[in-house]
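Hi,

Here is the two-chain model I promised to pass on. Have a look at it first, and then read my notes underneath.

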Amino acid sequence: MAVSSGTAQVTLPTDTQILITREFDAPKHLVYKAWTTPELVRQWWTAKRGSMTVCEIDLRVGGAWRYAMVADGGFEVGFHGEYREIVPNERLVSTEAYEGIPDADAHASLNTLTLTEADGRTMLTVLVEHPTKEGRDMHVESGMEAGMQDAMDLLEEVASSLR
Amino acid sequence: MNDLVAALGVAQPQVSKHLRVLREVGAVDVREAGRQRLYRLNGRALKPIHDWVKEYEGLWSERFDRLDEVLANLEEEEDDGSE
């Protein structure tokens, strides 16, 4: 039985950055494996918000990745990017473009995953750096859309239970 | 003020400058107590930012809760493999 190690901490260190932090009760090589293996990413990346339709990871510098999911509401969202720097089990730098906006690649963020282990536990941080504040703000708000979707689904459930 | 200087390791003029900006936007309240100025965080002013980030944070929390389960399975597999 997995015990939650707490919630994600999201902070906004500067106008163009997002910093995501979370501790895991597992060694860093396993966190890295779960982060970079398609069969495993499929098990966690969509959260409870839909099913993953594409999960491609070409894990080498200059290699591409692409994730897509169909949200429960029926619309598909896709993300892609390129790996820039790879230190196995410790650090992964990649770009990330949200395919839902025009000229996605020009607005891509640079994401740095860092894993540090102490006493068998791993601190994970993801620093997301956008070229502009507008891009950063849209990124934060994309989570809000997903949340809205959850709310709509709940509403639907409630509504049908009233029939 | 002295507490903040000590905790942040930043020079006093810089702490003053930051506190002034925070006071101007209503993120902190200040009151005079003798020779001291006491600052208090104004949670209400920070709530819009919290609300804005909350959904995004929720998405990652859900992802990480599932990642916990993936990791628990991986650890089990690894333990089985080493026996």
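Let me start with confidence in chain B, where helix α1 (residues 2-8) has the lowest mean pLDDT of the elements, 85, and α2(B) the highest, 90. Here pLDDT is the predictor's confidence in each residue, from 0 to 100, and helices (H or I, at least four residues) and strands (E, at least two) are DSSP runs numbered from the N terminus. Chain B as a whole has a mean pLDDT of 87, with 98% of its residues at 70 or more. For the complex, the predictor gives an ipTM of 0.79 and a pTM of 0.77.

Two notes on conventions. This is a predicted model, in which local features need pLDDT of at least 70 and side-chain atom pairs count only at pLDDT 80 or more, while totals for chains, interfaces and linings use all residues. Residues are numbered from 1 along each chain as its sequence is written, and chains are lettered from A and ligands numbered from 1 in the order in which they are written.

**Chain A**

Chain A has 3 helices and 8 strands, arranged along the sequence as β-β-α-α-β-β-β-β-β-β-α. Of its 163 residues, 23% are buried. I call a residue buried if 20 or more other C-beta atoms lie within 10 Å of its own, exposed if 12 or fewer, and partly exposed in between, with C-beta atoms placed from the backbone.

For contacts, the rule is that the C-beta atoms of two residues, placed from the backbone, lie within 7 Å. Among the chain A contacts between residues at least 6 apart in sequence, 35% join residues at least 24 apart.

A:Val93 is a good residue to click on in strand β6 of chain A. Leaving out residues up to four places away in sequence, A:Val93 touches A:Arg84, A:Glu85, A:Leu110 and A:Thr112. Its C-alpha atom is 6.3 Å from that of A:Leu113, 20 residues away along the chain. A:Val93 has 17 other C-beta atoms within 10 Å, so it counts as partly exposed.

Two aspartates may catch your eye in the backbone angles. A:Asp103, in the loop between β6 (91-98) and β7 (109-118) of chain A, has a positive phi near 55° without being a glycine. A:Asp103 is exposed because 8 other C-beta atoms lie within 10 Å. A:Asp119 sits in the loop between β7 and β8 of chain A and is also not a glycine, yet has a positive phi of about 55°. With 6 other C-beta atoms within 10 Å, A:Asp119 is exposed.

**Chain B**

The domain assignment (bounds from an automatic or database source) splits chain B into domain 1 (2-41) and domain 2 (43-83). The centres of these two domains, taken over C-alpha atoms, are 34 Å apart.

Helix α2 of chain B covers residues 12-24, 13 in number, and spans 18 Å from first C-alpha to last, close to the 18 Å expected; that expectation is 1.5 Å times one less than the number of residues. None of the 13 residues of α2(B) is buried, so the helix lies largely in the open. B:Gly26, which follows α2(B), has a positive phi near 80°.

Within this helix is B:Val15, partly exposed with 18 other C-beta atoms within 10 Å. Beyond its neighbours within four places in sequence, B:Val15 contacts B:Met1, B:Leu4, B:Val5, B:Leu8 and B:Val10. The C-alpha atoms of B:Val15 and B:Met1 are 7.5 Å apart, with their positions 14 residues apart along the chain.

**Where the chains meet**

At the interface, 22 residues of chain B contact 26 residues of chain A. The chain B side has 11 nonpolar, 2 polar and 9 charged residues. In this count Ala, Val, Leu, Ile, Met, Phe, Trp, Tyr, Cys and Pro are nonpolar, Asp, Glu, Lys and Arg are charged, and the others, Gly among them, are polar.

The largest nonpolar core has 22 residues, of which A:Val31, A:Ala34, B:Trp60, B:Leu67 and B:Leu71 touch the most other members. At least two residues each come from β2 (17-24), α1 (28-36), α2 (38-44) and β8 (121-129) of chain A and from α3 (43-82) of chain B. The largest contribution, 7 residues, is that of α3(B). A nonpolar core here means a set of buried Ala, Val, Leu, Ile, Met, Phe, Trp, Tyr and Cys residues joined through C-beta atoms within 7 Å.

A:Ala34 shows the meeting of the chains nicely: apart from residues up to four places away in sequence, A:Ala34 touches A:Leu40, B:Leu67, B:Val70, B:Leu71 and B:Leu74.

Best wishes
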